[in-house]
Amino acid sequence: MKTLVWVEHDGKAVKDATLAVVTAASKLGEVHLLVAGSGVDAVAKEAAQIAGVGKVHVADNAAFDHNLPENVAPLVAELMGGHDAFLAPATTTGKNIAPRVAALLDVMQISEILSVEGPKTFTRPIYAGNAIATVESSDAKLVLTVRGTAFDKTATSGGSGAVEAVSAGSDAGISTFVGAEIAKQDRPELTSAKIIVSGGRALGSSEKYQEVIVPLADKLNAALGASRAAVDAGYVPNDYQVGQTGKIVAPQVYFAIGISGAIQHLAGMKDSKTIVAINKDEDAPIFQVADFGLVADLFNAVPELTGKI
Amino acid sequence: MKILVPVKRVLDYNVKPRVKSDGTGVDLANVKMSMNPFDEIGIEEAIRLKEKGVATEVVAISVGPAKAQETLRTALAMGADRAILVQTDDDVEPLALAKIFKAIADAEAPGLVILGKQAIDGDNNQTGQMLAALTGWAQGTFASAVNVDGDHVSVTREVDGGLETVKLKLPAIVTTDLRLNEPRYASLPNIMKAKSKPLDTKTPADYGVDTTPRVKTVKVSEPPVRSAGVKVADVDELVAKLKAMGVHS
């Protein structure tokens, strides 16, 4: 089977999310990559070094900047003439593009795969991870999005893929990119961080989040997260949200501070390697999944922890 | 401008899904069903656009069993003008749904189709993007703000790490994210009024769409259970545990 993997990049470097997708693709067959955008030579060169990569298709065209799906999906659909499976990371970019590709190919996409069970058989979460479905495609070609936390990352070196220019594609002329407000954080991104410190409703205010949660995260070089309740209460922006309706994370260590552990939050972090919970309610459901639980007033315990760690 | 809003009847988001013991799916017998929360946001956004004078008519659509009528009545009570039920007892996949919505869009010629970004049962997050592909229209997915300006719509999207704004030519497809709005509750008079609003019943065959699944569910199982660990007595013990794992500043 020949697979085509969408390379997620920022115009300068390959994003980590791509590496887990390469691992999933390599379980299906030969791995080809697609790098789209203008002035992406450096990205293509970097992509070609990813272990096991056979070929890197480079579509150098400004129409593909900002990943506009109206322009990108027809390009992928055309390249799929020579491939059997298209795989993209289950990021907001991958989720935006892949279904548009699938419909152009008249294929049912399989979303957020967790494992490859056979050439056309995969597992995927449904009901926010409260159930796992094993599904089998009957379509001639596959379109898949891949949950990054479910696959190891392929090594970024050792490969020697052949870089090949693609001339296909154009601007469909129905959409334009206006601008982006990407939160500049001097810390790791939530979805790729080794340690995450998350705060919940019990913090009571945005000031307390800054005062209690941020110093611990600074000390551990951790990413900042929050429960939906804390986001809804306006303590932090929505992109901090971990859970069914936010980001799905699986760090080495997840600190849940003042988070009760609603189903919707657990759905986003229960695959973390180690969960540490600090909550003053000893009956909070978060303690049922925590490896280390501390029943304490977070306003005392967290500053003490920050001081001693 | 007309706005189409597909809505799905799903297991209520406050109910914990239970996997059936025979592994064929999630138990939906005798449990509370509600409108998919993201679709509710879609209905609300369409109604607000009508209240602003941007839209002239809001049409709610559901593909599902006879009981999906209740979901459509909820949409009508919130303020949608009329509804179409495409009745089927099959579990219709996103690709077939998109084909049905494409056929309805061809007949109704809307300016916008607003869909939930995903249904909280299948979690597929596909139908809006697929409909955009089939219609050839632009798509603004995971929207947190929608502003119609003449023959274009600006959509602010929730993307990893922040927000992004795109400008799309109308007609266009929008899929909703949580922060777009807070849906209203239907008032009692509006619930009564909704009972007499028009609701057409159709079938997938009326639109020439084959709903045979392309993806077979082999089995559905419980996720691996995480067991509770230990309670530590104080911060010192927690620090010791963390340091033993190599976690320190």
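**Two chains, their interface and a few odd backbone spots**

B:Pro171 sits in the loop that links strand 9 to strand 10 (172–176) of chain B. The peptide bond leading into this proline, from B:Leu170 to B:Pro171, is cis, with omega near -5 degrees. As with everything that follows, this comes from a predicted model.

Stepping back to chain B as a whole, the secondary structure comes to six helices and 13 strands. Along the principal axes, the C-alpha atoms of chain B fill a box of roughly 65 × 45 × 40 Å. Of the 249 residues in chain B, 49% are buried. Among contacts in chain B with a separation of 6 or more, 69% are between residues 24 or more positions apart.

Another backbone detail in chain B turns up at B:Phe142, which has a positive phi of about 55 degrees despite not being a glycine. B:Phe142 belongs to strand 7 of chain B. With 26 other C-beta atoms within 10 Å, against a threshold of 20 or more, B:Phe142 is buried. Chain A has a non-glycine residue with positive phi too: for A:Asp106 the angle is near 55 degrees. Here the setting is a loop, the one between helix 4 (92–104) and strand 5 (110–113) of chain A. A:Asp106 has 15 C-beta neighbours inside 10 Å and so counts as partly exposed.

Now for the interface. On the chain B side, 64 residues are in contact with 68 residues of chain A. The elements of chain B that supply two or more residues each are helix 3 (94–108), helix 4 (127–135), strand 7 (138–149), strand 8 (152–159), strand 9 (162–169), strand 12 (215–221), strand 13 (230–232) and helix 6 (235–244). Strand 9 of chain B gives the largest share of that side, with eight residues. By residue class, the side of chain B that touches chain A splits into 31 nonpolar, 16 polar and 17 charged.

The two chains are also linked strand to strand. Strand 16 (residues 292–295) of chain A and strand 13 of chain B run parallel and are joined by three bridges. One of the pairs puts A:Leu294 opposite B:Val232 of strand 13 of chain B. In general terms, strands of a sheet pair through backbone hydrogen bonds, in either a parallel or an antiparallel way.

A helical residue of chain A gives a closer look at contacts between the chains. A:Ala103 is part of helix 4 of chain A, and with 28 C-beta neighbours inside 10 Å this alanine counts as buried. Setting aside neighbours within four places in sequence, A:Ala103 is in contact with B:Leu95, B:Ala98, B:Met130, B:Ala133 and B:Leu134. Within chain A, the C-alpha atoms of A:Ala103 and A:His83 are 16 Å apart, with their positions 20 residues apart along the chain.

Chain A has an open sheet of seven strands, paired in parallel and ordered 5-9-4-1-2-3-10. At the edges are strand 5 and strand 10 (162–165) of chain A, each of which pairs on one side only. On average, and ignoring direction, neighbouring strands of this sheet are turned by 25 degrees against each other. Helix 2 (residues 41–48) of chain A packs on the sheet, where it touches strand 2 (30–37), strand 3 (53–60) and strand 10 of chain A; the helix direction makes about 170 degrees with that of strand 3 of chain A. Elsewhere in the sheet, strand 1 (residues 2–6) and strand 4 (residues 85–89) of chain A run parallel, joined by three bridges. There, A:Thr3 stands opposite A:Ala85 of strand 4 of chain A.

The last stop is a helix pair in chain A. Helix 5 (residues 206–220) and helix 8 (residues 298–308) of chain A have axes that come within 9 Å and cross at roughly 20 degrees. That angle is under 35 degrees, so the two helices are roughly parallel to each other. Helix 5 of chain A passes helix 8 of chain A in a left-handed crossing. From helix 5 of chain A the contact takes A:Val212, A:Pro215, A:Leu216 and A:Lys219, while helix 8 of chain A supplies A:Leu298, A:Phe299, A:Val302, A:Pro303, A:Leu305 and A:Thr306. The residues of this contact divide into eight nonpolar, one polar and one charged.

Technical notes. Residues are numbered from 1 along each chain as its sequence is written. Chains are lettered from A and ligands numbered from 1 in the order in which they are written. This is a predicted model: local features need pLDDT of at least 70, side-chain atom pairs count only at pLDDT 80 or more; totals for chains, interfaces and linings use all residues. Axes are lines fitted to C-alpha atoms, for helices over the stretch in contact, and angles run from 0 to 180 degrees between N-to-C directions. Helices (H or I, at least four residues) and strands (E, at least two) are DSSP runs, numbered from the N terminus. Angles under 35 degrees count as roughly parallel, over 145 as roughly antiparallel, 65 to 115 as roughly perpendicular and the rest as oblique. A crossing is left-handed if the near helix is turned anticlockwise from the far one by less than a right angle, and right-handed if clockwise. Two residues are in contact if their C-beta atoms, placed from the backbone, lie within 7 Å. Ala, Val, Leu, Ile, Met, Phe, Trp, Tyr, Cys and Pro count as nonpolar, Asp, Glu, Lys and Arg as charged, and the others, Gly among them, as polar. Two strands pair if DSSP finds at least two bridges between them. A residue is buried if 20 or more other C-beta atoms lie within 10 Å of its own, exposed if 12 or fewer, and partly exposed in between; C-beta atoms are placed from the backbone.
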